[in-house]
Every structure is written in C-alpha cells, then in structure tokens.
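Colleague: Could you walk me through how the chains fit together here? I'd like to take it step by step.

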Amino acid sequence: MPDRQSVCFIIGGARSGKSAHAEKLITALPAPWTYIATAQAYDEEMRERIAHHRARRGEGWETLDAPLDLVGALTSLPSGRPVLVDCLTLWLTNHMLAEHDVEAECARLVATLAKPRGPWFVVSNEVGLGIVPDNALARRFRDAAGRLNQQVASVASEVVLTVAGLPLKVK
Amino acid sequence: MPDRQSVCFIIGGARSGKSAHAEKLITALPAPWTYIATAQAYDEEMRERIAHHRARRGEGWETLDAPLDLVGALTSLPSGRPVLVDCLTLWLTNHMLAEHDVEAECARLVATLAKPRGPWFVVSNEVGLGIVPDNALARRFRDAAGRLNQQVASVASEVVLTVAGLPLKVK
Amino acid sequence: MPDRQSVCFIIGGARSGKSAHAEKLITALPAPWTYIATAQAYDEEMRERIAHHRARRGEGWETLDAPLDLVGALTSLPSGRPVLVDCLTLWLTNHMLAEHDVEAECARLVATLAKPRGPWFVVSNEVGLGIVPDNALARRFRDAAGRLNQQVASVASEVVLTVAGLPLKVK
C-alpha cells in the first residue's frame with residue numbers, strides 16, 4: 001500500500017494496460033476514489049475511447065473533468081483522498097493545442113505533484129521510442145512529453161512501466 | 001527449461017532480437033522444432049526479410065506457413081512439440097487486411113494459447129511506444145496489437161521484453 | 001565504478017534522459033572527460049538541440065566533433081580516458097545520408113568498441129517500438145539502428161535502458 005501522501009507514476013505505451021493497472025492499484029485502497037479525466041472529446045474516435053474507459057469503472061468512483069486545470073482539480077480535493085489522473089499526455093496535448101505556455105504549465109503541475117495531498121496515481125504515455133516524427137509539432141509534443149515524464153518521475157515515489165499489461169518496476 | 005505445456009511470450013521492437021532470442025530458447029530443447037511462419041510476402045522487401053529469417057534456421061526445423069489459420073496450425077501439432085510462432089503482429093496484419101473480425105480471431109487464438117499443448121514460444125512486436133500515428137488504420141492496428149499482446153501475456157507463463165538483443169524479464 | 005576498459009551502453013527514447021544519465025555516470029570518474037559529439041547541425045532545430053546539450057556540460061570537458069569518423073576519434077584518445085559518445089543514432093544517420101556502406105561502418109565501429117581503451121559511455125536511441133514507418137528510408141534506418149544497438153549491446157559490459165530519466169538495468 002502506498003503512503004498516504006505519495007505519487008505513483010504509471011507510464012506505458014498505447015494499449016499497454018496503464019489505466020487498468022492504475023485502477024487496480026487505487027481500488028486496493030478504501031473508496032471513494034477520484035478519477036481526474038483530462039480527455040477532451042474532439043471527435044467520435046475520442047468519444048469512444050472515453051466511453052470505453054468509463055465503462056470499466058464502477059461504484060465508488062467520483063469523476064472530475066480537468067482537460068486544462070489539473071492543478072486546480074488536484075488541490076481542490078480533501079487530503080488523503082486516493083486520486084487517479086488519466087492521463088498527463090492528453091492534458092499536455094490540450095495545453096499545446098490551446099497554445100499555452102507549456103513549460104510554465106508543466107512546472108506548476110510538477111510543483112503540485114511534488115507535494116501530494118494523498119495517494120495519487122498518475123498515468124502517462126511514453127511516446128519517444130519510435131522513429132523521429134515527420135512533422136515539427138509531433139516532435140515538439142514528443143520532446144515536451146518526454147521532459148514532463150522525467151520531471152514527474154523525479155518527484156514520484158514509485159515509477160512503473162507497463163508492458164503488455166504487466167508492470168515493470170523502474171523506481 | 002520451460003514446462004512441457006506452457007507459453008513463453010517474447011515481445012520487442014523492430015530489430016530488437018526477438019526472433020533470435022526465441023530461437024535460442026527453443027533450440028535449448030530437443031529437436032524437432034516447428035516454426036510457424038505468419039508472414040505473407042506482399043512485396044520484395046518482405047520477401048527479403050522472410051529469407052533472412054529462414055537463413056538463420058538450420059537442421060531440426062520444420063516450417064509451417066500460417067498467415068491466417070494459426071489456431072489450425074497449433075492444434076494440428078503433436079502434444080509436447082516445441083513450437084515457435086513468428087509473429088503475432090504479422091498474423092494480426094493479415095487478418096486486418098482481409099477485413100476479418102479481428103476481435104473474434106484474437107479471442108480464438110488466446111483461447112488456444114491458454115491451453116498450450118507443448119512448450120510454445122510466441123513472438124510479437126510492441127508498436128505502441130511511439131507518437132500517435134497520423135492515419136486511422138495504423139491507430140486501429142496499434143490498438144488491436146496492444147490488446148492482443150495484453151491478452152497473450154495474461155495467459156503466458158513467461159513474458160520477456162527484448163531490448164537491443166537482450167531479454168528483460170517482465171513475467 | 002566501471003572498469004578502466006569497458007563500454008557502458010545507454011539506450012533510450014527521445015527525451016528519456018539518456019545523455020543526462022551518461023553524464024552523471026562519467027562525471028563520477030575523475031576529469032578530464034572527452035565528449036564525442038556526432039551531431040551535425042543541418043537546421044535551426046538541430047542547432048538548438050546541440051546548444052542545449054552543450055549548455056548542460058561545464059568544466060572538465062573536452063569536446064570532439066565526429067559526425068562520421070567516430071572510430072578515428074575513439075582511437076586518437078589516450079588509454080584510460082573516460083569518453084562519452086553522444087550518440088550512435090546521429091552518427092548512423094550521417095553515414096546513411098552520405099550514402100556510405102552502413103554495414104561496413106557499423107562493423108568497424110563495433111570492432112573498436114569491442115576493445116575499449118578506457119571507460120567508454122555510449123549513448124543511442126531506441127527507435128523500433130512504434131508503428132512501422134510509412135517511408136522506406138525510415139524503415140531502413142530503423143532496421144540499421146536496431147542491428148547496431150544489438151551489436152553494441154553484445155560487446156558492452158553494461159547496458160541500461162532509460163525510462164523517464166530513470167535507468168533500467170538490461171545487462
């Protein structure tokens with residue numbers, strides 16, 4: 001069982017079982033659990049993914065939508081509350097598309113995660129292990145996501161890489 | 001040495017030494033070994049890859065081609081026979097290109113792998129650790145491959161991730 | 001502390017903290033340290049990346065540029081000198097763009113790394129864990145990089161995969 005005040009960081013590829021693993025970890029703690037969803041449904045494909053994720057969760061869950069103000073959502077919750085943030089890469093995408101100052105937003109978020117107010121489970125995508133993308137925006141996103149993942153990992157007390165649904169302990 | 005009835009799942013990136021590692025594991029068992037090839041030669045590049053893989057294998061091997069009917073090939077073999085399936089992602093590609101019901105095919109395959117009739121070594125690609133692909137078919141493939149890998153890993157008794165030719169134990 | 005004569009191979013994705021981890025390892029040894037840069041500044045984006053990397057290094061460093069003749073640079077250094085090669089994938093890119101015989105160049109490099117003359121820290125990118133790239137050149141590069149990484153890993157005494165800035169021991 002994680003400390004009352006700690007961050008467990010779950011990183012992995014697409015369909016690697018990150019969210020399911022995070023849900024398994026958090027539901028081993030007493031309910032209620034808060035799910036902070038960062039997804040924004042831009043299109044039908046995304047709406048389906050969101051619905052698929054929600055369908056897996058059941059009773060005991062409270063859901064907050066925080067496509068941009070993740071810091072606000074985290075700090076609004078009572079101390080000790082188990083929280084699942086799913087996921088950082090969508091949150092980052094939303095800020096990039098809104099043309100916000102991504103570096104400043106990441107710094108604010110990491111400062112908040114460095115002082116967790118409960119057992120927080122944070123999910124993110126690893127996107128840097130393929131070929132260099134053709135377009136500059138994808139490269140910028142990949143760089144920003146990689147830097148954010150490093151920063152979050154450095155303040156997390158546990159870091160797990162999911163591979164084919166299985167956790168590989170990194171920290 | 002693996003159990004007589006078990007699945008060892010070897011997952012990795014392109015040119016990560018998956019096939020070579022699987023061949024090293026299976027050839028530590030007594031011959032004959034059955035190689036089930038799922039590749040279909042659509043073009044010259046693919047023909048070269050297939051030839052390269054075959055050239056590495058020598059005596060003691062029997063080869064079956066099963067671009068689509070992998071379940072049929074697996075269940076046709078005598079009990080206790082060491083088998084190498086190379087690889088699941090090509091098999092999945094073939095079913096997607098043939099516009100088959102991929103979910104049903106995966107379910108059938110996983111049910112077969114859940115009751116292995118020999119020491120079976122199954123190779124697959126991890127394709128979900130890059131940037132989100134531009135085209136919808138690639139995204140669909142990535143999702144299907146990730147889900148299949150999770151399902152196979154869940155019924156396997158051993159799971160290995162190959163990195164630069166070296167095995168990293170995941171399960 | 002690594003042996004006086006050994007190769008430590010640090011592999012990872014984009015922005016996974018490969019270079020920072022390698023710098024941390026080498027600077028635990030007594031200065032001076034030699035940094036062999038393989039980057040060639042083709043455009044502004046690349047110039048920025050190079051400047052960012054240089055800014056992180058401070059006193060005690062000597063820098064050699066070796067976009068192509070990495071073997072020459074390595075063998076020119078005094079025995080026992082700690083060396084950081086950053087990185088193999090850029091060196092490979094330069095040879096591919098120059099239309100050199102990549103296989104022969106890789107063989108020469110690996111032969112040199114198999115007889116290290118000091119504690120050598122070698123950084124490379126893992127690029128094979130995404131979806132198959134659309135264009136043939138990217139596929140050729142991915143294959144060549146994967147093969148090179150396997151060869152280097154086989155002669156290295158230590159291999160580390162960096163994930164979100166954290167080292168995962170592979171060998």
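Colleague: What turn lays chain C on chain A, and which kind of axis is that?

Modeller: Happy to start there, with a note that this is a predicted model in which local features need pLDDT of at least 70, side-chain atom pairs count only at pLDDT 80 or more, and totals for chains, interfaces and linings use all residues. Residues are numbered from 1 along each chain as its sequence is written, chains are lettered from A and ligands numbered from 1 in the order in which they are written, and side-chain values use heavy atoms, with hydrogens and water left out. Chain C goes onto chain A with an RMSD of 0.0 Å (least squares on the C-alpha atoms of residues with pLDDT of at least 70 in both) after a turn of 120 degrees and a shift of 0.0 Å along the axis. That relation is the one of a three-fold axis.

Colleague: Which residue of chain C has its C-alpha nearest the axis?

Modeller: The axis in question relates chain C to chain A by a turn of 120 degrees. In chain C, the nearest C-alpha lies 2.4 Å from the axis and belongs to C:G130.

Colleague: And how much area is buried between chain C and chain A?

Modeller: Contact here means heavy atoms within 4.5 Å, and 24 residues of chain C touch 19 residues of chain A in this way. Buried area is the accessible area (1.4 Å probe) that two parts lose on being put together, summed over both. Carbon and sulfur atoms give 64% of a total of about 1,700 Å².

Colleague: Which three residues supply the most of what chain C buries against chain A?

Modeller: Together they account for 32% of the area that chain C buries there, more than any other three residues. They are C:R15, C:A164 and C:L166.

Colleague: Which residue of chain A forms a salt bridge with C:R15?

Modeller: Side chains of opposite charge can pair when their charged atoms come close. The rule asks for a side-chain nitrogen of Lys or Arg within 4 Å of a carboxyl oxygen of Asp or Glu, and it finds one salt bridge across this interface. The N and O atoms are 3.1 Å apart, and the partner of C:R15 is A:D143.

Colleague: Why does that pair join two chains, and are its residues buried or exposed?

Modeller: C:R15 sits in the loop between strand 1 (6–12) and helix 1 (18–26) of chain C, while A:D143 is in helix 6 (residues 136–155) of chain A, so the pair joins two chains. Helices (H or I, at least four residues) and strands (E, at least two) are DSSP runs, numbered from the N terminus. Buried means under 20% relative accessible area, exposed over 50%, partly exposed in between (1.4 Å probe, protein chains only). By that rule, C:R15 and A:D143 are both buried.

Colleague: Which element gives the most to the side of chain B that touches chain A?

Modeller: Across that interface, B:D143 and A:R15 meet in a salt bridge at 3.1 Å, N to O. The elements giving two or more residues to chain B's side are helix 6 (136–155), strand 6 (158–163) and strand 7 (166–169) of chain B. With eight residues, the one that gives the most is helix 6 of chain B.

Colleague: Lastly, how many salt bridges does a search of the whole structure find?

Modeller: One of them is within chain B, where B:R108 and B:E105 meet at 3.4 Å, N to O. Another is between C:D143 and B:R15, at 3.1 Å. Over all chains, the search finds nine.
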